[in-house]
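Please open the structure in a viewer and keep the selection panel at hand. The tour below proceeds stop by stop, stating what to select and what is to be found there.

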Amino acid sequence: MKLPAGEVLFCENEPAESAFLIESGLFEISVRRNGEKFVVAEIGPGEILGELAVLIGGRRSATVTALKKSVIQKVDADQFRNRVMDLDPVMRMLIETVMKRLNKTLQKIERASGTPCNVYDVGPNFAPEALASLKLENDIALALTRGEMRVHYQPIVHLQTGMLCGFEGLVRWQHPERGLLSPSEFIPTASESMLIRQITSFCLKQICADLPRLRTACLRNVGNVSPVVVNLNITGRDLEAGMFVEELGEALKTHGLPGKALTVEITESSLMLDTAMAVRVLNEIKALGTGVAIDDFGTGYSSMSHLVRLPASLLKIDRSFVAGLFTNDQSRKIVVMLLELARQLGMNTVSEGIETPEDYAFLAKNGSRFGQGFLFSRPVPLNDAITLVKSWDASQAQTGGAEVDRRVA
Ligand code: C2E
Ligand code: CA
Ligand code: CA
């Protein structure tokens with residue numbers, strides 16, 4: 001929006017529908033008390049106008065007039081509120097606290113001066129949610145120091161031969177009161193803070209410590225298993241924080257492992273932050289010989305641009321598509337399309353969430369190189385994973401194994 005000098009953008013006490021970002025120009029903010037005009041401030045480029053009333057859905061607390069020819073960008077109330085609601089509870093609580101303090105100050109001014117000010121309605125109370133989130137963060141930090149985290153292993157199978165060729169390492173929290181907790185209960189909160197770095201470090205070290213035993217077990221069953229590769233889940237934050245590649249190299253060296261014994265899995269959504277930096281670090285990871293996989297493929301954003309730019313050699317097709325193979329026409333078409341896309345790009349695929357022999361047959365026929373799912377086994381502790389390696393029968397893989405019921409592990 002362009003405004004000539006002297007134009008009034010909005011007036012005190014009007015209902016507020018938008019805030020405005022100032023691109024260029026200069027604005028005067030004024031209030032009227034007992035018929036007299038007071039100039040409160042003059043603001044210019046890079047500043048924002050009218051945000052308070054929009055945030056709390058109140059009325060304008062001041063009049064804003066352009067002092068020069070100006071250019072502004074309008075931000076609607078909904079655009080604002082949606083962003084605030086998307087923030088994590090602690091940030092929302094901070095905003096709420098600032099608003100409450102402002103409210104108190106305005107009330108004091110009102111009492112002292114006898115002139116009415118606009119008193120803001122601060123809206124819902126976010127404190128309980130913020131407290132719960134902070135408490136969980138503190139508990140996760142404590143759990144890490146107390147050694148309550150575990151890595152469980154879920155097999156990855158070569159679908160054409162039925163051979164076991166790797167595992168995905170999946171974290172669990174052995175909570176002293178609540179038992180074994182699924183990552184969905186703590187990974188989202190850990191990912192909001194740097195705690196995810198510590199979880200990744202723990203998993204990396206644990207997996208590298210466990211890998212020699214898994215690889216030794218492979219030697220006992222060479223006809224049915226190949227030297228296993230373990231997949232480690234990482235996030236954009238791990239790449240951003242720096243030192244991940246050094247840590248990876250160190251962990252491999254400590255346990256005498258080649259880089260190719262590991263593959264890192266990263267989701268598209270966690271890569272949104274800074275793609276150029278992610279590409280650089282992923283290339284460094286690849287240079288160690290470690291594989292790079294894109295996790296939950298198809299569920300994130302800008303998939304195609306990521307595919308072209310990222311140095312990944314493996315695509316993991318999300319379980320939500322595989323779950324609909326025989327119930328949802330669209331899901332089946334998406335799976336076929338993703339497998340074909342990977343083939344054209346020369347990438348390998350792991351289909352996640354294989355639960356039935358029919359899923360297996362369909363995915364193998366349509367060119368998925370690898371598969372993972374409850375048909376073969378749920379994620380299990382290291383000792384059970386070693387038993388799986390030793391007893392794996394490639395010829396029985398499609399039926400989930402006749403001798404050991406791996407699904408109930
Ligand atoms: P993910 O990386 O997509 O992991 C696969 C999830 O699908 C696992 O859930 C696994 O148990 C589940 N799954 C595998 N096969 C089947 C199947 O046939 N049917 C069904 N219904 N589910 C199946 P889990 O272990 O609960 O992990 C959930 C998510 O938590 C993971 O999804 C990943 O995003 C995150 N996560 C787990 N461990 C870690 C970790 O060490 N680091 C990070 N950053 N995230 C992790
Ligand atoms: Ca994964
Ligand atoms: Ca996945």
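## The largest pocket

This is a predicted model. Begin with the largest pocket, which holds about 1,300 Å³ of space. Select its lining, a set of 46 residues, and centre the view on E168, L170, P183, N233 and D295, which lie nearest the centre of the pocket. Next, highlight strand β10, residues 164–175: this strand gives the most to the lining, with five residues. Colouring the lining by residue class yields 17 nonpolar, 17 polar and twelve charged residues.

## The calcium ion, ligand 2

Select the calcium ion (ligand 2) and display the side chains around it. Which protein atoms serve as its donors? They are E168 (OE), N233 (OD1), E265 (OE) and D295 (OD), at 2.1 to 2.3 Å from the ion. Along the chain, these donors follow the spacing E-x64-N-x31-E-x29-D. Within this set, E168 in strand β10 and E265 in strand β13 (residues 262–267) link distant parts of the chain, being 97 residues apart. Both E168 and E265 are buried.

## The calcium ion, ligand 3

Now select D295, which bridges the calcium ion (ligand 2) and the calcium ion (ligand 3); the two ions lie 3.9 Å apart. The coordination of ligand 3 comes from D295 (OD), D296 (OD) and two OE entries of E352, at 2.1 to 2.6 Å. The spacing of the donors of this ion along the chain is D-D-x55-E.

Switch to a surface view and compare D295 with D296. Is each of them buried or partly exposed? D295 has a relative accessible area of 7% and therefore counts as buried. D296, at 25% relative accessibility, counts as partly exposed.

## The loop at S184

Move to S184, in the loop between β11 (179–181) and α5 (187–192). With 55% relative accessibility, S184 counts as exposed. Show the side chain of S182 as well: a polar contact of 2.7 Å joins it to the side chain of S184. For a distance label, pick the C-alpha atoms of S184 and V171, which are 10.0 Å apart in space and 13 residues apart in sequence.

## S70 in strand β8

Select S70, a residue of strand β8 (residues 70–76). S70 is buried, with a relative accessible area of 2%. Which residues does S70 touch, beyond those up to four places away in sequence? They are M1, K2, L3, S24, G25, L26 and F27. L26 deserves a closer view: its backbone nitrogen lies 3.3 Å from a polar atom of the S70 side chain.

## Helix α13

Finish at helix α13, residues 357–365, and select its buried residues: D359, Y360, F362, L363 and A364. As a guide to viewing, an α-helix has 3.6 residues a turn, so residues three or four places apart point the same way. To see what covers the buried residues of α13, add the neighbouring elements, among them β9 (149–158), α11 (319–323), α12 (329–344) and β16 (348–351). Finally, step to G367, just after α13, where the backbone takes a positive phi of about 95 degrees.

Notes
Residues numbered from 1 in each chain as written. Chains lettered and ligands numbered in written order. Predicted model: local features only at pLDDT ≥ 70, side-chain atom pairs only at ≥ 80, totals over all residues. Heavy atoms only, no water. Helix = DSSP H or I, 4+ residues; strand = E, 2+ residues; numbered from the N terminus. Buried < 20%, exposed > 50% of the residue type's maximum accessible area, 1.4 Å probe, protein only. Polar contact = N/O pair within 3.5 Å; in protein donor to acceptor, adjacent residues only side chain to side chain. Contact = heavy atoms within 4.5 Å. 1 Å grid on protein atoms, 1.4 Å probe; cavity = no way out; pocket = protein on both sides within 12 Å on 5 of 7 lines; lining within 4 Å. Points joined across faces, edges and corners; volume = space filled by probe spheres on them. Nonpolar A, V, L, I, M, F, W, Y, C, P; charged D, E, K, R; others polar. Donors = N, O, S within 2.8 Å, 3.2 Å for Na, K, Ca; no water.
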